[in-house]
Amino acid sequence: MLLSLQGVRRTFGGLAAVDGASLAVGTGEVHGLIGPNGAGKTTLLNLVSGLIPPTSGAIVLDGERIDGLASHVIAARGITRTYQNIRLFSALTAADNVLVGAHLKRNAPLWRRMAFLPSAAAEERAARAAALALLARVGMSERAFERASNLSYGEQRRVEIARALASSPRVMLLDEPTAGMNPGEVTAIADLIRGVARAGHSVLLVEHNVKLVMAVCDRITVLDFGKVIADGTPAEVGRDPAVIAAYLGGEAAA
Amino acid sequence: MGQQIVNGLFLGSIYALFALGYTLVFGVLDILNLAHQAVFMVCAYAALVLVGHLHLPMFAAFPVAVLLGGFLGMAVDRIAFRPLRGRSDSNIAGLISSIALATILEAAVVQVFGPDVERFPFGAVPTRSLKIGGAVVSELQIVIIAIAIAMLLGLTWLLRRTRLGRRIRAVAESPKAARVLGVDVDRIISASFFVSSALGAAAGVLFGLAFNNVSPDMGRSVELKGLAVIVLGGMGSMPGAALAGVALGLLEVFTVAWVGSSYRDAVAFGVLFLVLVLRPRGLLGSAALREA
Amino acid sequence: MTSSSLQDLWLTYQSTVAFIGLNGLLALSVYTTLSCGQLSLAQAAFMAIGAYVSAILTFHSGAPFAVNLAVATLLPALVSVPLGLPVLRLKGVFLAIATIGFGEVVRIFFVNLDYTNGALGLTAVPQRTSIWMIYAALGTALFVLWRIRGSRAGYALEAIREDEPAARTMGIDAARYKLAMLALGAAFAGLAGALEAHYTYMVSPSTYSFTRVVDMLVYAVVGGTSVFYGPVVGAAFLTALPEVLREISARVGLAPGPLRLFVNGAVLLAVILFLPEGISSLPRRIRDRLRARREAHAA
């Protein structure tokens, strides 16, 4: 398995937001993570991306433990992410945001730029072209030079995905990438996610849109009160009585 | 030894008064009001004018100067802070706008009084002293310590027992939640500035009396000491500021006695620096106004 | 204008020209750390280290002035690293306060150091600084900042300034960048300190007080910190202003000292309230305003 969590636990002031969760994501797999509000899904992504360290448990990427590492080191190991509440650099253009995302891939020593070496200019041109290509891939070519803060909600989400892709991550964590999108945009994102996985990136997808999750995911883990209550293919999870009771059933009862 | 303790308590109570006002605004707004020292200085001049030119007795001039400080504080809020509220960089912007206001106030004072040190007229300051144990304590020192304790108790009462105090604490905890509960946040902030600056003004008048020395730059060194005090006490913590103020006063007096006067300031800033690096929460944590 | 009156003009204003350059360099030193969202107020301490070291080297070694300046540039940068390691973890106002504390400790250290003549400082420092050197230093600083902008590092800095945690999840080692910018700012301040000491003939600890840092910050803010040359514009404006005010105060009959203070405060307040991007954004604003008016006319 490329990425695996083993008994990961994180408490806040005595309350366990993630309580002994285990799951595994294979290479090129789209892995869904669902659960009711407050189940600990975003906390789990924060743990994997190193924004907060786990209280206990192990997070392993390709055979090496990454729990407790600084978030920029984890990114360098090949995990990038998007955010539920969109955290683009709002004063930068869409293209510049993607360029920041390419930070890890770029080989651009400052002294070359200071010395006006042609190799520096060539590297910058290549990086720009790559950023624009990524924006094209998420359907944002026309808005590439717009300030991020001027983009619509759906557009910002797409730029964020492009930014997370820019470092060619091994695993991409997507936190509710379709929140606030219209059905047409959702379909486009579904296609994009499948394309990303076909290109060899694994995806860990937190999503409220159950239909989307069932459609794009190879496997699904269901979280409730910080605990894994089900894990399997979409068909298996959809049949699981515990899931129906805790998650789907909870909605039906309400 | 006893003498040093008395001197330290006396200096420390002035620091505490100054820092209480400082930390109150920080607790409410999360912003440093660097015009606090200017209010401190202007009100010392106000007392000087009231006593020296209008021939008021000191006990009458003091409350007038304190009230003036309160209103000046509200003006500081209106001019330097309220227009910036809601701006993304309001932390640094507020810092700078309050520096600007402090500069303007200082310029006004220099224009009116000149840059030199002024003194209270002879007789305005009580000069009698008495002996307690081995220490000589002047009447002025006793009065100053008493006023400081009274104001500290008054502030505690205000924050704990009054409607205004509860609202100030609510705004400190979460302006958004307070607004939802129907609190007029702008007015509460304005009131906090009044209280904060009144304390600063009291510290200014007492400082001027204690050293019989009023000058346009008298607030500068106290401002930096005040920073050390509120950091040491834990930013936004009232009891912390009071305690740290007294601690710094004692520390300085003993440094002068044992190490030498030129190291007095080094102690304050050395402590400040170490606390921030080793224990940024300060002595009494970051629970801020909630436990006031 | 005859050549002799030009010469008079130059003699009258050459020290103003020199101080515009020095203050510009100091404003850039504040800006450099500010460019990744960090407000460091230890710049006067770095300046003091540069000034003292270069003056001592001038007195006690035969090293050429260029070597002096190099040492005065590098030493503060080196000192800033152990300072930055613990301090840069602090955020916002706390970082500002910690660096104020450091600055005061350094100043008091020099006040108490007998070797550097205590509170009186070093006097009769030989004048080695020419105005072209000041502007060469300023030009170099501007060049470095200009080239950083738009580079991979430049984008990393902007990302850190906007949202440090998010920047880190892009793989940006924020601590390293912040430390590097603190060191670069310290280097600029040290160089300015050395140049100033050898221009004004003296090194006095009172020069490196909190007030001096506030001045630097004010230059940067008044000029504007959204572009790298903004701080220099602010420094030039506020350094030249007293010369104008001196003329005015002589005519109006006000004392020049308070008037200068007052105008400084008023300009700063006006800028922060009404022109948050500083006076260097003024031309762009006027252009935008004019264009809007033209478009309104056309419509």
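User: In this predicted model, which chains have the most contacts between them among the 2 pairs that touch?

Analyst: The model is predicted. There are 2 pairs of chains that touch. The pair with the most contacts is chains B and C.

User: How far apart are the nearest C-alpha atoms of chain A and chain B?

Analyst: Chain A and chain B do not touch. Their nearest C-alpha atoms are separated by 12 Å.

User: Which element gives the largest share of the side of chain B that touches chain C?

Analyst: This contact involves 31 residues from chain B and 33 residues from chain C. On the chain B side, the elements giving two or more residues are helix 4 (90-113), helix 9 (218-233) and helix 11 (264-278). The largest share is 14 residues, and it comes from helix 4 of chain B.

User: How many charged residues are on the side of chain B that touches chain C?

Analyst: Sort that side by class. It has 23 nonpolar and 6 polar residues. The charged residues number 2.

User: How do the residues of the side of chain A that touches chain C divide by class?

Analyst: Here 25 residues of chain A meet 20 residues of chain C. Elements giving two or more residues on the chain A side are helix 2 (71-77), strand 6, helix 3 (94-101) and helix 4 (110-114) of chain A. The chain A side divides into 12 nonpolar, 8 polar and 5 charged.

User: Which are the edge strands of the open sheet of 6 strands in chain A?

Analyst: The strand order is 6-7-8-3-9-10, with mixed pairing. Neighbouring strands are turned by 20° against each other on average, direction ignored. An edge strand pairs on one side only. That gives strand 6 (79-81) and strand 10 (227-232) of chain A.

User: Which residue in strand 10 of chain A stands opposite Val222(A)?

Analyst: Strand 9 of chain A spans residues 219-224. Strand 9 and strand 10 of chain A pair in the antiparallel sense over 5 bridges. Opposite Val222(A) in strand 10 of chain A stands Ala230(A).

User: At what angle does helix 1 of chain A run to strand 7 of chain A?

Analyst: Helix 1 covers residues 41-48 of chain A. It lies across strand 3 (30-34), strand 6, strand 7 (171-175), strand 8 (202-206) and strand 9 of chain A. To strand 7 of chain A, helix 1 runs at about 150°.

User: Are helix 2 of chain C and helix 4 of chain C roughly parallel or roughly antiparallel?

Analyst: Helix 2 (residues 43-60) and helix 4 (residues 92-112) of chain C pack with axes 8 Å apart, at an angle of about 30°. Angles under 35 degrees count as roughly parallel. Therefore helix 2 of chain C and helix 4 of chain C are roughly parallel.

User: Which residues of helix 4 of chain C make the contact with helix 2 of chain C?

Analyst: By class, this contact has 7 nonpolar, 1 polar and 1 charged residues. Helix 2 of chain C brings Ala44(C), Ala45(C), Ala48(C) and Tyr52(C). Helix 4 of chain C brings Phe102(C), Gly103(C), Val106(C), Arg107(C) and Phe110(C).

User: Which residue in the turn of the chain B hairpin has a positive phi?

Analyst: Strand 1 (residues 129-132) and strand 2 (residues 135-138) of chain B run antiparallel, joined by 4 bridges. Ser129(B) has Ser138(B) as its bridge partner. The hairpin has 2 residues between its strands. In the turn, a positive phi of about 60° belongs to Gly133(B).

User: Over which residues of chain B is the pLDDT below 50?

Analyst: Chain B averages a pLDDT of 86, and 95% of the residues score at least 70. One stretch falls below 50, with 22 contacts in the model beyond near neighbours in sequence. That stretch is residues 286-292 of chain B.

Methods:
Residues numbered from 1 in each chain as written. Chains lettered and ligands numbered in written order. Predicted model: local features only at pLDDT ≥ 70, side-chain atom pairs only at ≥ 80, totals over all residues. Pairing = 2+ DSSP bridges. Contact = placed C-beta atoms within 7 Å. Nonpolar A, V, L, I, M, F, W, Y, C, P; charged D, E, K, R; others polar. pLDDT = per-residue confidence, 0-100. Axes fitted to C-alpha atoms, helices over the stretch in contact; angles between N-to-C directions. Parallel < 35°, antiparallel > 145°, perpendicular 65-115°, else oblique.
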